[in-house]
Amino acid sequence: MNRIPELARGPVDLGSPVCLFEGDHAIYWVGSEEPSPFRCNAYLIVDGGNRILIDPGSTLHHFPQVRERVERIVPASSLTHVVVHHQDPDLCDSLPSWLELAPDLTIVTTPRVRVLLPYYGFPAEVSWLDVSPEDSTTLDLTNGSLVFITAPFLHFPEAFVTYDEVSGFLFSGDIGAAIEKEWSLVVTEWERHWQTMIPFHIFYMASNKALKGFLKKLDPFPIEAICPQHGSIIPKEHVERAIESLAALPCGLDLLYPASNIESVLAEIL
Ligand SMILES: [Fe+2]
Ligand SMILES: [Fe+2]
């Protein structure tokens, strides 16, 4: 059962893991509560024998809190997978610590992220599940599957997101993220939240073309919530507006190298 609408009504105890989806297929927010606008969300999916940690965070700022929260639900040594949506240190430089606790876990990521991760200090011979750039990779669980969808140049060439079939949650990495001083686990006022999403996407995302192309790929997936790595979770009632707003946002190269007049005219005609 999706608990996000109930959590939006608050108050939420952020000192503990927060159950976002209840049942045989359970999902928890296990992020940190650091006093920084760049705070990070990590998520844990528990489904039968599968224990999947998503975007575990950095060693320095997040690992102790995230580990403590995970261990209130399952032993860290029982983790079976860590999903790494891209290679930024805020998102995953804690990987060596997780591998020490659970050496047999499988890292789920794309090939171009995979080549970079061992630089954080672990052997390349760990277990990997390669996410295909063809968007054909899934991870079958006891209940439903996780579907991995690439998000080229948002903001890494082979970044990707994870769609959970059971809950309909989209774990979106930096896409849909916000940098905000005042923070709540779930978005309540869309317009105010959107203002905190704009600067992050303008600076980090490659272009509107990249955003639109990726968002189009989400059409077949009924999304019940967008769960980003930074900022508040976007509940179903705001998902459509979030997608529409992102699809209309000029960002990155659009702003750095604006189209010439003739290019703009041609783009409208063609
Ligand atoms: Fe990032
Ligand atoms: Fe990030």
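What follows is a walk through this structure, from its overall shape to its two metal sites and on to the interior and a few backbone oddities. Keep in mind that you're looking at a predicted model.

Let's start with the whole protein. Its secondary structure adds up to ten helices and 13 strands. The radius of gyration comes out at 18 Å, close to the 18 Å the globule rule gives for 270 residues, so the protein is as compact as a globular protein of that length. If you lay the C-alpha trace along its principal axes, you get spans of about 60 × 45 × 35 Å. Buried residues account for 55% of the 270 residues. The contacts also reach far along the chain: of those between residues at least 6 apart in sequence, 62% join residues at least 24 apart.

Now for the metals. Which residues hold the iron ion (ligand 1)? Its protein donors are His-86 and His-155, each through NE2, plus Asp-88 and Asp-174, each through OD, and they sit 2.0 to 2.2 Å from the ion. Along the chain these donors follow the spacing H-x1-D-x66-H-x18-D. The angles among the four donor atoms run from 86 to 165 degrees, and the site is classed as irregular. The reason is easy to see: four donors count as tetrahedral if all angles lie between 85 and 135 degrees, so the upper end of the range, 165 degrees, rules that out. The two histidines come from distant parts of the chain, with His-86 in the loop between β5 (81–83) and α3, and His-155 in the loop between β9 (145–150) and β10 (160–164), 69 residues apart. His-86 counts as buried, at 1% relative accessibility, whereas His-155 is partly exposed, with a relative accessible area of 21%.

The iron ion (ligand 2) has its own set of four: Asp-90 (OD), Asp-174 (OD), Gln-229 (OE1) and His-230 (NE2), at 2.1 to 2.7 Å. In sequence these are spaced D-x83-D-x54-Q-H. This site is irregular as well, with angles of 80 to 165 degrees among its four donor atoms. You'll have spotted Asp-174 in both lists: it bridges the two iron ions, which lie 3.4 Å apart. Asp-174 lies in the loop between β11 (169–173) and α6 (190–204), while His-230 is in the loop between β12 (225–228) and β13 (234–235), so this pair ties together parts that are 56 residues apart in sequence. Both are tucked away: Asp-174 counts as buried at 3% relative accessibility, and His-230 does too, at 1%.

Next, the nonpolar interior. The largest nonpolar core has 31 residues, and the members touching the most others are Val-70, Val-84, Trp-98, Ile-107 and Leu-117. The elements giving it two or more residues are β2 (25–29), β3 (43–47), α2 (63–71), α3 (89–92) and α4 (95–101). Apart from this core lies another, of 30 residues, including Ala-151, Leu-154, Trp-194 and Phe-200. For a look at one member of the largest core, take Ile-107: leaving out residues up to four places away in sequence, it touches a set that includes Val-82, Val-84, Leu-117, Phe-122 and Trp-128.

Aromatic rings are another thread to follow, with eleven aromatic pairs found across the structure. In one of them, Phe-63 and Trp-98 have ring centres 5.0 Å apart and planes at 80 degrees, so the pair is edge-to-face. Phe-63 belongs to helix α2 and Trp-98 to helix α4, so the pair ties together parts 35 residues apart in sequence. Both residues are buried. Elsewhere, ring pairs link Phe-21, Tyr-43, Phe-169 and Phe-171 into a cluster.

Finally, the backbone has some quirks. A cis peptide bond joins Leu-154 to the iron ligand His-155, with omega about -5 degrees. The loop between β9 and β10 also holds Phe-153, which has a positive phi of about 65 degrees although it is not a glycine. Phe-153 is partly exposed, with a relative accessible area of 46%. Another cis bond runs from Gly-10 to Pro-11, with omega near -10 degrees, and Pro-11 is in the loop between α1 (4–8) and β1 (18–21). Asp-55, again not a glycine, has a positive phi of about 50 degrees. You'll find Asp-55 in the loop between β4 (50–54) and α2, where it counts as buried at 3% relative accessibility.

Notes: Residues are numbered from 1 along each chain as its sequence is written. Chains are lettered from A and ligands numbered from 1 in the order in which they are written. This is a predicted model: local features need pLDDT of at least 70, side-chain atom pairs count only at pLDDT 80 or more; totals for chains, interfaces and linings use all residues. Side-chain values use heavy atoms; hydrogens and water are left out. A nonpolar core is a set of buried Ala, Val, Leu, Ile, Met, Phe, Trp, Tyr and Cys residues joined through side-chain atoms within 4.5 Å. Buried means under 20% relative accessible area, exposed over 50%, partly exposed in between (1.4 Å probe, protein chains only). Helices (H or I, at least four residues) and strands (E, at least two) are DSSP runs, numbered from the N terminus. Contact means heavy atoms within 4.5 Å. Donors are N, O and S atoms within 2.8 Å of the metal (3.2 Å for Na, K and Ca); water is not among the atoms, so sites may look incomplete. Four donors count as tetrahedral if all angles lie between 85 and 135 degrees; four count as square planar and six as octahedral if opposite donors are over 155 degrees apart and all others between 65 and 115; anything else is irregular. Rings of Phe, Tyr and Trp (its six-membered ring) pair if their centres lie within 6.5 Å; planes under 30 degrees apart count as stacked, over 60 as edge-to-face and the rest as tilted. The radius of gyration is taken over C-alpha atoms; the globule rule is 2.2 Å times the number of residues to the power 0.38.
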